[in-house]
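Morning, everyone. One structure today, and I'll keep it quick. Please have a look at it first.

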Amino acid sequence: MLEEYDIDKLNPRHNPYAKELKKQITIKISPTVIDYFKNEAVETGIPYQTLINLYLTDCVKTKKKLTMNWS
């Protein structure tokens, strides 16, 4: 290892994930929905907040449209 490095000669790389950094928000979610994702988290071993984010990310990628039937 060198004792001293010339910073100007280093080849810094752009972080490809920098635009995908998560932003903390506050959102009201029903306890039923939270319980559902917490149960899924136990089965999959993936934290429930990550599961919620993965589901919403999939909705964005597939351009899923919200459909609701009021009874």
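Lys38 counts as partly exposed, because its relative accessibility is 38%, and partly exposed lies between the 20% and 50% cut-offs. Keep in mind that this is a predicted model. Lys38 sits in helix α1. Now go along the chain from Lys38 by 14 residues, and you reach Ile52. The C-alpha atoms of Lys38 and Ile52 are separated by 9.7 Å.

Stay on helix α1 for a moment, since Asp35 is found there too. Is Asp35 buried, exposed or partly exposed? Its relative accessible area is 45%, so Asp35 is partly exposed. Asp35 also has a partner to compare in space, Tyr48. In sequence, Asp35 and Tyr48 are 13 residues apart. C-alpha to C-alpha, the distance between Asp35 and Tyr48 is 9.1 Å.

Next, the pocket. How much space lies in the largest pocket? About 650 Å³. Its lining counts 16 residues. Nearest the centre of the pocket lie Ile25, Ile27, Gln49, Ile52 and Asn53. So we meet Ile52 again, the residue whose C-alpha is 9.7 Å from that of Lys38.

Which helices supply the lining? Helix α1, residues 31-44, and helix α2, residues 48-61, each give at least two residues. The largest share comes from α2, with seven residues. Sorted by class, the lining of the largest pocket has 10 nonpolar residues, four polar ones and two charged ones.

On to the surface. Met1, Leu2, Tyr5, Ile7 and Leu10 make a nonpolar patch. The patch has an area of about 650 Å². Please don't mix that up with the pocket figure, which is a volume of about 650 Å³.

Take Met1 from that patch. Met1 is placed in the segment before α1. Its relative accessibility is 95%, so Met1 counts as exposed; the cut-off for exposed is over 50%.

Last stop, Lys63. This residue belongs to the segment after α2. Lys63 counts as exposed, because its relative accessibility is 66%. What about the backbone of Lys63? Its phi is near 55°. That is a positive value, and Lys63 is a residue other than glycine.

To recap. The largest pocket holds about 650 Å³, and α2 supplies the largest share of its lining. The nonpolar patch includes Met1, which is exposed at 95%. Lys63 has the positive phi. Thanks, and over to you.

Methods: Residues are numbered from 1 along each chain as its sequence is written. This is a predicted model: local features need pLDDT of at least 70, side-chain atom pairs count only at pLDDT 80 or more; totals for chains, interfaces and linings use all residues. Side-chain values use heavy atoms; hydrogens and water are left out. On a 1 Å grid over the protein atoms alone, a cavity is a set of points where a 1.4 Å probe fits but cannot get out, and a pocket is an open set with protein on both sides within 12 Å along at least five of seven lines; lining residues have an atom within 4 Å of a point. Grid points are joined across faces, edges and corners, and a volume is the space filled by probe spheres set on the points. Helices (H or I, at least four residues) and strands (E, at least two) are DSSP runs, numbered from the N terminus. Ala, Val, Leu, Ile, Met, Phe, Trp, Tyr, Cys and Pro count as nonpolar, Asp, Glu, Lys and Arg as charged, and the others, Gly among them, as polar. Patches are made of residues with over 30% relative accessible area and no salt bridge: like charges are joined within 9 Å, nonpolar side chains (Val, Leu, Ile, Met, Phe, Trp, Tyr) within 5 Å. Accessible areas come from the Shrake-Rupley method with a 1.4 Å probe; for residues, only the protein chains shown count as cover. A salt bridge is a side-chain nitrogen of Lys or Arg within 4 Å of a carboxyl oxygen of Asp or Glu. Buried means under 20% relative accessible area, exposed over 50%, partly exposed in between (1.4 Å probe, protein chains only).
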